[in-house]
Amino acid sequence: MIPSLKLSCLTLYFCFLFSFATWAKNTPAQAIDSILIERPLTYKDINDQLKFFQRDSTKVKNAIARFKKEKYFTGVSYESIKLGNIYRKHALYKRSLAMHQEALTYAKRAKNQEFEIFSLNMIGVDFRKMNAYESSIDFHTKALAIAEKVQNPSNGILRSKEVSYNSIGNVYILLEQHDLAIESFKKASAIAEKSGNRWSVSINNENIGKTYEKIGQYDEAILYVEKALVIDTELGNHFGRMICYNRLASIYLKKNNLRKAKEYIEKATPIAKSVNSDFYILLIAINKGKLAFANKMYDEAESIYLLSLEEAQEKDLKDLQTSLHKYLSLLYEVSGKPAEALMHYKKYQTLEAELTGLKKAQYINDLIIKYESVKKSEKIKNLSAENRISELKHQRQENVWIIISILASLALISVYLFYRQRQLKSEKNILDLEQRLMRFQMNPHFIFNALNAIKLYVIQNEKKNAVYYLNKFSKLMRKILESSLSKQVPLTEELDTVALYLQIENIRFNEQITSIIDIETDYDLDKVPVPSLFLQPFVENSLWHGLLPKKEGEKVINISVEEQKNHLLIEVKDNGIGRKEAEITKSKRKLDKKSVGITITKELLDNFYKKYHYDCSITYTDLVDAHGDSTGTLVIIAIPKK
């Protein structure tokens with residue numbers, strides 16, 4: 001017995017030593033030392049060794065400092081992503097965004113595409129959590145653009161593509177773009193199938209089911225949620241099964257299949273308690289309330305709804321509060337309590353309006369933020385162009401003095417011709433830069449004021465007007481950006497751009513302007529090239545100097561195209577106060593600013609048509625009535641047909 005006891009003690013002693021040695025190797029410091037020797041480049045290889053301490057922000061920060069010191073930039077990117085995720089879990093979104101941006105910086109320094117894609121996706125998720133939906137989609141799209149170019153992508157890159165599509169789908173749900181959301185989730189699911197990630201296939205199928213439920217296609221919703229449930233059951237994923245059970249209960253309640261709804265609620269309840277998920281316990285409780293209401297057990301439904309509302313208020317879950325006020329209003333209405341029904345209905349309306357206005361305003365604000373960023377970028381380009389113009393002019397002046405200093409020789413004529421050639425080249429460069437400036441500077445005040453006008457519709461909850469003019473505005477911006485890349489466009493496209501511009505400007509005129517575009521010729525305008533954006537300055541002059549100061553009567557601007565033998569006549573006609581009165585108005589307001597846009601446009605047209613057989617011309621006519629009083633202005637732009 002004694003030798004046996006000694007042998008047992010010795011065995012326990014060696015087991016303890018082995019366990020202690022294994023633990024010592026698995027401390028964060030040991031793991032970091034080990035990984036600095038190997039310096040792996042993929043997320044999986046790094047995560048396999050370091051994942052055991054990635055929930056401790058202090059240890060993660062220490063790892064970042066160590067990797068920076070050792071110039072292991074892939075490791076810095078990995079740990080920055082992990083630290084950003086910790087911040088995001090605690091709703092510290094600005095700090096999360098800063099860390100994920102740092103992760104992107106170090107991924108680029110390491111020239112590691114997998115981590116660059118991963119970082120872009122994490123930034124996209126941060127923006128989604130901050131309700132900056134446009135920015136979120138932008139960063140996920142950037143991640144996809146890089147990932148799509150990778151031949152034979154690793155599982156890590158495939159996983160990133162899947163994350164991109166999944167997150168974009170969630171953004172589309174928030175924007176109520178359900179068809180686009182379903183399309184994105186299906187793409188994510190297909191990638192997950194390809195990489196063998198069945199857990200992710202389950203998540204995306206449940207998301208597809210959730211989206212179909214939102215648009216009332218319940219049979220399709222059940223089909224996809226049941227697919228997800230099969231996978232979760234095979235994987236032993238209890239949390240996933242709970243989500244699927246609760247989703248199926250919600251769908252069957254909407255189909256009024258109370259037996260199936262009760263069955264799935266009873267399956268979801270114990271799992272929610274076992275995983276200690278307060279949020280899903282609350283969602284399941286709300287479904288129980290709906291079931292009691294459907295079974296006309298009004299007292300039980302009231303008790304569940306009130307307890308759920310109290311919990312939703314404690315957790316500041318505005319969406320759930322809104323829904324619960326609606327359910328309580330319906331409950332009190334059918335149970336003969338009109339005062340309580342009215343109270344909860346008013347609270348429901350208030351919260352619904354608040355949530356809708358907040359989401360739309362955040363979306364418009366995100367557009368404005370993006371516009372301001374683009375405007376700053378364009379301003380830098382403009383300054384660069386202006387500096388280049390200044391340099392060219394300065395260089396030309398220097399050349400003049402150089403040439404003057406050598407005019408004493410018999411080579412005067414050849415030197416002068418050489419200088420003249422360089423001078424013409426310099427002037428052409430200046431003209432090209434001025435054309436670029438004109439395209440970049442299409443009245444920033446107009447763009448900013450148009451966005452604010454659309455935002456006002458949102459704040460006033462005029463949803464249809466906001467969406468209508470937002471679509472018009474985005475189409476106009478696209479046309480302007482496309483036009484800035486080419487020196488000429490077909491005349492039909494130029495007329496379309498002007499029509500959009502007039503519609504947007506009319507918002508600021510409180511819809512007082514009537515605009516008419518008449519094509520009074522069978523000539524194929526698609527084959528008539530014109531300088532891009534050349535009509536806008538003439539239309540803007542008519543609006544702001546002719547029609548805006550007009551106090552009474554209808555305000556009309558008419559743009560027409562007629563055909564002559566060798567020219568097409570583009571007429572811009574308004575019934576405004578006329579040029580004479582406009583000059584008086586400007587002088588009273590002490591406005592001495594000249595129309596730079598018109599001046600540059602004239603030069604642009606002259607330069608554009610100088611190689612044509614016939615000249616281009618611009619004529620102004622002051623329109624008057626029988627008494628000699630001004631009835632508006634007519635501008636005729638004659639452009640050669642060939």
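# Questions on a predicted model

Author: In this predicted model, the charged end of K142 is placed over the ring of F139, at 4.6 Å from the centre of that ring.

Reader: Which residue lies over the face of Y224, and at what distance from the ring centre?

Author: A charge counts as sitting over a ring if NZ of Lys or CZ of Arg is within 6 Å of the ring centre and within 35 degrees of the ring normal. The residue that lies over the face of Y224 is K227, and its distance from the ring centre is 4.6 Å.

Reader: How many aromatic pairs does a search of the whole structure find, and how are the planes of F73 and Y106 arranged?

Author: The search of the whole structure gives 15 aromatic pairs. For F73 and Y106 the centres are 5.6 Å apart and the planes make an angle of 45 degrees, so the angle falls between the cut-offs of 30 degrees for stacked and 60 for edge-to-face, and the pair is tilted. This pair links distant parts of the chain, with F73 in helix α5 (residues 73–89) and Y106 in helix α6 (residues 93–109), and the separation in sequence is 33 residues.

Reader: Is F73 buried or exposed, and is Y106 buried or exposed?

Author: Buried means under 20% relative accessible area. F73 has 17% relative accessibility and therefore counts as buried, and Y106, at 13%, likewise counts as buried.

Reader: Does the end-to-end distance of helix α23 agree or disagree with the span expected at 1.5 Å a residue, and how many of its residues are buried?

Author: Helix α23 (residues 536–547) has twelve residues and should span 16 Å, and because its end C-alpha atoms are 15 Å apart, the two values agree. The buried residues of α23 include F538, V539 and L543. The helix is mostly covered, and of its twelve residues the number buried is nine.

Reader: In what sense do strands β6 and β7 pair, and which residue of β7 stands opposite D622?

Author: Strand β6 (residues 617–624) and strand β7 (residues 630–640) are joined over eight bridges, and their pairing is antiparallel. In the hairpin they form, with five residues between the strands, G628 takes a positive phi near 85 degrees. The residue of β7 that stands opposite D622 is T633.

Reader: Where is D522 found, and how far apart in space are D522 and E563?

Author: D522 is found in the loop between β2 (513–519) and β3 (529–531), and because its relative accessibility is 82%, D522 counts as exposed. D522 and E563 are 41 residues apart in sequence, while their C-alpha to C-alpha distance in space is 8.5 Å.

How values were computed:
Residues numbered from 1 in each chain as written. Predicted model: local features only at pLDDT ≥ 70, side-chain atom pairs only at ≥ 80, totals over all residues. Heavy atoms only, no water. Helix = DSSP H or I, 4+ residues; strand = E, 2+ residues; numbered from the N terminus. Expected span 1.5 Å × (residues − 1). Buried < 20%, exposed > 50% of the residue type's maximum accessible area, 1.4 Å probe, protein only. Pairing = 2+ DSSP bridges. Phe/Tyr/Trp six-rings, centres within 6.5 Å; stacked < 30°, edge-to-face > 60°.
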